[in-house]
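Me: I would like to go through this model with you, one packing question after another. Could you begin with a pair of helices that meet, and then move on to the cores and some single residues?

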Amino acid sequence: GTGGDDPRPYSEIVGAPGLAGRTCIGTSLGNFPLGAMNMKKIEIMGCGYIGLPTAVTFTLAGYTVCGFDINEKVVNSLNGGHIHIVEPGLQDALTKALATGRLHFSTKPEPADVFIICVQTPYRDTEEGKRVSDMRFVESAARSVGGVLRAGNLCVLESTSPPYSTRLVESIVSEVSGLPAEEFMTAHCPERIIPGRMLIELRENDRIVGATRPEAAEYAKEIYSPVVTKGTIRVTDDLTAEMCKLVENTFRDINIAYANELSKVCDRLGIDVFQLIKLANCHPRVNVHNPGVGVGGHCIAVDPWFIHEKFEDITPLIYQARLVNDSKPAWVADRVEKDVAPGSTVAVLGMSFKANIDDIRESPSVELAKILKERGYQVIACEPFIEGDVAGFANHTLDEALEQSDYAVITLMHDPFKAAKEKIAAKPHFDCVGLLEQ
């Protein structure tokens, strides 16, 4: 009943909405007073793209930190001082954090004062063809927290989730721990960082903290205060905090969908969409996004579904924007087919979901490569930020990809591609992102 099949709203499953009716417990909880300085240990649940930078940042802010992950290979690598993702500055930061003696990683949950859940929240497709949130990883993390939670602890959900997910976590932790919800605290503080700037944005971006009990939100604010050195920590209720992250990414998704539709219109008109957008943006109240091959990543391509899932009848715009962006790789494949016949070798220049990173989650470039392969093209990849094959495609250097292909599709604004614009332009190509106009 937590993945979208239960007909009841989350409010009926895990509690009534709003702050009313919840018991406030003052400024302390049992023998555990509020205040960041009293927090001795923080446990990060999940050491992936969000959890690892978070663990390192909290350590460097002065906390003792345990990074929990079920992947033994990842844990061994991190304890050995080696990161398993690509992120500027993260390797050096991990080295410094481990040198403090306050950071370690474990495959077993440990007792702590604060637990921060940083696991993935993908979507899944139901038999009825609906796209809904997959809360299995959050639920598993909550059960792990419940197994070691003590009275007075704080559990923070950072994973981007549908409304009422924080209360779902609270109910699971309460059930597993045997503690009533009034004896520990739960809050939501959605991550708001992007690959390539994680360590900077963890410190400088504003953070939203929400909870059903005001003192829990204030408590969480104090915990994050030593970390957020430039941004502002804004306190609200749990539902508003959950919706805030979803609204931010849905806003961007809708604007990108408009740009992607414009690219189709301009292609039919035979005009340059990038020049058109540049001219339109000369208006002081207009800021049209640039189009691309679609929308990827674990936020913009996912979060709008979490709103639509709960409010299908009143969110047609959100739904249509998702359809537009999800269909863009197929449209690009159609466009390629106008220039070069199946059987030809096509190089996809860029396989990650955004420029200058190694993350291919929900990557529209990968989807494009798969579609082209299904249509009979010989597809080779060029992804300079990933070593080895990418999503089942042979990965080549840029020179190799251009030399061995009949046609190139430019899908990302990677810096190495910008530096080789003339070389790329000499190849028959389709530029999805306007790289050659930079």
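Reply: In helix H2, Leu52, Pro53, Val56, Thr59 and Leu60 meet Leu90, Ala93, Leu94, Lys96 and Ala97 of H4, where contact means heavy atoms within 4.5 Å and helices are DSSP runs (H or I, at least four residues), numbered from the N terminus just as strands (E, at least two) are. This is a predicted model, in which local features need pLDDT of at least 70 and side-chain atom pairs count only at pLDDT 80 or more, while totals for chains, interfaces and linings use all residues. Residues are numbered from 1 along each chain as its sequence is written, and side-chain values use heavy atoms, with hydrogens and water left out.

Me: By class, which residues does the contact of H2 with H4 have?

Reply: Ala, Val, Leu, Ile, Met, Phe, Trp, Tyr, Cys and Pro count as nonpolar, Asp, Glu, Lys and Arg as charged, and the others, Gly among them, as polar. Sorted in this way, the contact of H2 with H4 has 1 charged, 1 polar and 8 nonpolar residues.

Me: Are H2 and H4 parallel or oblique to each other?

Reply: The axes, which are lines fitted to C-alpha atoms over the stretch in contact, with angles from 0 to 180 degrees between N-to-C directions, come within 9 Å for H2 (residues 51–60) and H4 (residues 90–99) and cross at roughly 45°. Angles under 35 degrees count as roughly parallel, over 145 as roughly antiparallel, 65 to 115 as roughly perpendicular and the rest as oblique. H2 is therefore, with respect to H4, oblique.

Me: Where is alanine 97 found, and is this residue buried or exposed?

Reply: Alanine 97 is found in helix H4, and, leaving out residues up to four places away in sequence, alanine 97 touches Val56, Thr59, Leu60, Arg102 and Leu103. Buried means under 20% relative accessible area, exposed over 50%, and partly exposed in between (1.4 Å probe, protein chains only). Because its relative accessibility is 0%, alanine 97 counts as buried.

Me: Which residues have the most contacts inside the largest nonpolar core?

Reply: A nonpolar core is a set of buried Ala, Val, Leu, Ile, Met, Phe, Trp, Tyr and Cys residues joined through side-chain atoms within 4.5 Å. The largest has 43 residues, and its largest share, 6 residues, comes from helix H8 (residues 214–224). Those with the most contacts inside this core are Ile42, Phe58, Ile116 and Leu154.

Me: How do the axes of H6 and H9 cross, and which residues make the contact?

Reply: The axes of helix H6 (residues 165–177) and helix H9 (residues 238–269) come within 8 Å and cross at roughly 125°, so H6 and H9 are oblique to each other. The residues that make the contact are Ser165, Thr166 and Arg167 of H6 with Asp238, Leu239 and Glu242 of H9.

Me: Is aspartate 303 buried or exposed, and which residues does aspartate 303 touch?

Reply: Aspartate 303 is found in helix H11 (residues 303–310), and with a relative accessible area of 0% this residue is buried. Not counting residues up to four places away in sequence, aspartate 303 touches Thr160, Lys245, Leu246, Asn249, Thr250 and His298.

Me: Which residues is threonine 315 in contact with?

Reply: Threonine 315 is found in the loop between H11 and helix H12 (316–339), and threonine 315 is buried, with a relative accessible area of 9%. Leaving aside its neighbours within four places in sequence, threonine 315 is in contact with Ile307 and His308.
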